[in-house]
Every structure is written in structure tokens, then in C-alpha cells.
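Here is a walk through one structure, written for someone who likes to check the side chains. Have the viewer open and follow along.

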Amino acid sequence: MFIIIVSYYEIAAAKQLFKIPVNRIQSRSSTTENCTASSTNEIICEKSSRTFGKVAVIKSSAFESLINEADEEFIGTICIGTPCQSFLIDFDTGSSDLWVPSSKCTSGCSGFSKYTSSASTTYIPNGKAFSISYGDGSGAKGTFCIDTVTINGIAVRNQTFAQCTSLSGMNGDPSDGILGLAYQSLTSGGEKPVFYNMWSQGLIAEPVFSFYLNPDVSASTGGELIFGGVDSTKYTDSITYIPVALEGYWEFQMTKVTVGSAAIASSGYAIADTGTTLIIGPNKQVTALNVALGGKYDSSSGMYTVSCTTRTLSSFPNVTFTIGGTDFVLTPLQYIIIYNVSKNSYVCYSVFVPDDIEDSDDNDFWILGDYFLYWFYSIFDINNNRVGFAKSISYDWKQPVASSLFLGTATSSNTTTAATTARSTTATTARSTTATTARSTTVTTARSTTASTTRSTTASTTRSTTARSTTTQKSTTKYTTKSTTITTTPRKNMTSTTKPYQPHKNLHRRHHH
């Protein structure tokens, strides 16, 4: 597990812009058991994964590396109560609840920070039951309560959240809980989410938050979450805004998806989700996409591999998502994940995962996870019910590539000839409060839940029938910076409003029962 301690916020005259670093941490990397030696002397272990469920893996294999990275989380630090009690929290645009373990937890809470209500002078009891369970056997139960939640100096008063008295299947998770950033209709108990209260209490100048996720694994921070607006230093060109089509997730219309010049999907829907790592789409469409890339299905992972040793880089086409009249282009090195299995031996995966997921209107939708958000700065505007994307300042960053790959054609300023381009196959899950700069790249989806909530019948939740969009030129507003210190570390969560979310057809479901 990697922990980075650094934070700051920005305040400008008549405008508050709070910036919170979010960083990656691997979880569950050491939860292997029942290891045996095969006839070929390979060590095969049973591994518990938040993403894949329980699977059998070969030690130090590419699949084990994929699992370790799949279970990474983007987290930061918040505190709850008066005086503050600190927690490592996953900031997730794919869910809406806030929950942390309680000091009264009697099961499964070892190693987690716990909320002690009796130690807070601002605690208010609520008593309503809270329960979330996941299809991989994990879950959390407790009760709702009310207290002050502070995020990097922003004190959100009278915030309803859940204090959990029982956790199951979460040993080794690096974060203590989840802070959801989706719409109120996705909450488990109908409570007002944290971001809603930030705005209603006048703590931020605009009901907008935005994410910059950094793909550079050697950077000192994994990105930042900005409350109250956008950071114009983190994107280039203009912002394309798309109206939210159905409140709950940040769901919007997507015009088409093309591979090279061939369209493989049209007139679909998508959500932007920081709690998912890969890009997931309807089975038929994503299968066609991967076939067009020359991919081969890997039944062990439920993903597609592509050949990065027998083909040139230029033989792989770009993949383009057309949203709101703007083309968002992913180049080959932005959608191919490279693993070094052993010296001069590599396995390459496509980030596109097939899975049929439906919203509450029974429409299939795509999940644009971190491997989309790395390249495009994302903006979430609740007041105007819209999502915005702009080219990230990290768009031109390229992952290091060994000179032996792609027949030696993947030259870039980041290219290396050493075997150190391999992604790490091990990681520690021990908690720590010290700063560490080592980093790792994320892959696939995080824990999924199904929020059994009733969707509002007001006009604000009806699906838009027009693909309206606006393009805004990049702001040139400058902000003054102020330093402070905050502990940050990572986690992910994925929810579905109707059908259980299943990352891969051959893997365990993880959903809220």
C-alpha cells in the first residue's frame, strides 16, 4: 500500500476553490490462501478480490498483477465530529452514501479507524438502520447518525451518515469508508449527500466539483478533487458540457463509439465513474470493439488480450467516444495495459470490458472509468444537471514501453529499454501514516453495489430526449494557493440502481442486496 501526505486548497476573492489530492492505494494484495504447487511447479493460490471475487491465480502472474491493480482505490482524508476523528475515504462518483466503521463495531473492523460518537460534542443520534451487502460476501451494517464532517477545512454541519457496527469480507481494504458524490436519489436512506450540504450551507461558491486524475505513476500525487468549481490549470482546450439524462448516476447520452473509422455503437448512454477503473460497455458492442483491435478473450480474467510483441503500435487504431458533438480520442497506449510477466515476457490487456448493465429505465449504458478520466478532466455540475469533459493536461503523457514491444515502434520520451517497465506484482496492505512516493497504476472496476432506492418521479429525473450540449472556452481565472497538510490514500465503489452490477460474466457479482 502506498500513502502520500500532501494537500492544499485554493481561495480567491469572491470565489472558493478547494483542492484535495486523491491518490491510489492497492488493497487485498496479500489475501492469498490455500496455495499449492502444480505439476509444473507453479504456485497456485486462492485469492480474495473486491473486484473479481474469489479466484485461483498463479503467484506472480500477470493475472495476479491485474487483480492487485483492479482493487486499488482513490482515497483522501476527512474527519468527523468535534473534535475531529480522521478517516481514509474513497471519493466515488458512482454512489451517494457516506459510511465509516463505528467504535461499537463487533465484527470485521480490525485495522480500521472507527468513529466514536460519545467523543463528539456535535453528535446527534438518528437510529435508522443502514445495511449494504455485496455479492462477493462482503458487507456493512449499522445505523445512521448526524455529525459535522470536515473535508480539508470545509466543515459540513448536521451531515447524516452511517456508522457501521459490522463489516464482513473487508479485511485488507486500505480505506475506512466511502463518500459518494452521485445524486441524492442513489442514497440508501434518502439522506442528503455531503456535497449537497456543502452547497446548501454556503461553503462553496458553486454547486460544482471536478476531478483531475493523473496517469503518470511516477508523479507525487494521483490527482485532485476540486470542490466549488474547476481548476483551469488542469485542462486544455474547451469544456464540452452534456446534460444529465437520468439523475442517480452522472448519466448522459453518448452519440457513438468508433474504432478507427468504423462505428461499433451509436445513440447510447454512459456514466462517468471515478469508482471504476476500466471502461465497461454492453457485451455485444465491446466484444466488437475488442475484435476490431485484434483482441483475444481471456476467460480467466474476463478481459481481452492484445499482441504487443508481434504488431507495430501504428497497427492499433484509435478508439473515439463522441459525446456532445466532441470527439474524445483514446490512442493505443492510452487503452493498452502492459504487464511484464518475467524477463522479456509481456502480457497486454485492452481496458475495454464487456458487460451488460442497465439503468432504471432498462437502457444499457457504458461506464467511463479511470482509463477515460485519466485523459479527460471531468466536471460535475449539480445545479445545471450536466457533466463536462475537457482534454487533461496529462493527455500527452505516455506509459513507459520496453524497446522490445510493438516491434520497437513505440518510441516516446517516456520509453525505456529496461525491464523496470513492468507493473508491480506485489503490494503491501498495511496501514501507515507516513509519506511514501511509490505509486502503481489502476485497472478494472471496484466494489459494486445496488442501491435499492426509489427514483423520484419529478420532472428533474426524467430522461432527456435531446442530446443538448454546450462548449465553454477554458477559463483564464487565476487563483492564489495556500498550503496545508492532509493525509491521503485510495478506494473505489460502484453502484447500480436496478440490476446487480457484474464486472465480468464469469466472475462473482457484487451488489447491494
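## Arg386 and its partners

Arg386 comes out as partly exposed, because its relative accessibility is 22% and the cut-off for buried is under 20%. One thing to keep in mind from the start: this is a predicted model.

Arg386 has two partners worth a look. With Asp381 it makes a salt bridge, the closest N and O atoms being 3.0 Å apart. Asp381 itself is buried, at a relative accessible area of 3%. Arg386 also lies over the face of Tyr241, at 3.6 Å from the ring centre. So if you zoom in on Arg386, look for both the carboxylate of Asp381 and the ring of Tyr241.

## The chain as a whole

Stepping back, the protein chain has five helices and 33 strands. Of its 513 residues, 59% count as buried. Contacts across the sequence are well represented too: taking the contacts with a separation of 6 or more, residues 24 or more positions apart account for 72%.

## Salt bridges around Asp231

Side chains of opposite charge can pair when their charged atoms come close. In this model the count comes to five salt bridges. Lys19 and Asp231 form one of them, with 2.6 Å from N to O. That pair ties together distant parts of the chain: Lys19 is in strand β2 (residues 15-21), while Asp231 is in the loop between β15 (223-227) and β16 (235-247), and the two are 212 residues apart.

Asp231 also meets Lys234 in a salt bridge, here at 3.5 Å from N to O. Are these residues buried or exposed? Lys19 and Asp231 are both buried, and Asp231 has a relative accessible area of just 1%. Lys234 counts as buried as well, because its 14% falls under the 20% limit. Add Glu224 and you have the full set: Lys19, Glu224, Asp231 and Lys234 are linked in a network of salt bridges.

## Aromatic pairs

A pair of aromatic rings is described by the distance of the centres and the angle of the planes. The structure holds 29 aromatic pairs. Take Phe316 and Phe406, which sit edge-to-face at 6.0 Å centre to centre, with 85 degrees between the planes. This is another link between distant parts of the chain: Phe316 belongs to the loop between β21 (303-306) and β22 (319-323), Phe406 to the loop between β29 (386-392) and β30 (447-450), and 90 residues separate them. Phe316 is buried at 4% relative accessibility, and Phe406 is buried at 0%.

Tyr371 and Tyr374 make an edge-to-face pair too, with 5.2 Å between the centres and 75 degrees between the planes. Both rings belong to buried residues: Tyr371 has a relative accessible area of 4%, and Tyr374 comes in at 1%.

## A cluster, and a charge over a ring

If you'd like to colour a whole group of rings, there is one aromatic cluster made up of Phe252, Phe321, Phe328, Tyr335, Phe352, Trp366, Phe372, Phe376, Phe389 and Tyr395.

Back at Phe316, the ring has a charged visitor as well as its aromatic partner Phe406. Arg311 lies over the face of Phe316, at 3.7 Å from the ring centre.

## A four-stranded sheet

What is the strand order in the open sheet of four strands? The order is β20-β21-β25-β24, and the pairing is antiparallel. At the edges are β20 (296-298) and β24 (336-342), each pairing on one side only. Ignoring direction, neighbouring strands in this sheet are turned by 40 degrees against each other on average.

For a closer look at one seam, go to β20 and β21. These two strands run antiparallel and are joined by three bridges. One residue pair to pick out is Lys296, whose bridge partner in β21 is Thr305.

## A stop at Thr160

Last stop: Thr160, in strand β12 (residues 154-168). Its relative accessibility is 18%, which means that Thr160 counts as buried, since the cut-off is 20%. Setting aside neighbours within four places in sequence, Thr160 is in contact with Phe144, Cys145, Ile146 and Glu191.

Technical notes
Residues numbered from 1 in each chain as written. Predicted model: local features only at pLDDT ≥ 70, side-chain atom pairs only at ≥ 80, totals over all residues. Heavy atoms only, no water. Buried < 20%, exposed > 50% of the residue type's maximum accessible area, 1.4 Å probe, protein only. Contact = heavy atoms within 4.5 Å. Phe/Tyr/Trp six-rings, centres within 6.5 Å; stacked < 30°, edge-to-face > 60°. Lys NZ or Arg CZ within 6 Å of the ring centre and 35° of its normal. Pairing = 2+ DSSP bridges. Axes fitted to C-alpha atoms, helices over the stretch in contact; angles between N-to-C directions. Salt bridge = Lys/Arg side-chain N within 4 Å of Asp/Glu carboxyl O.
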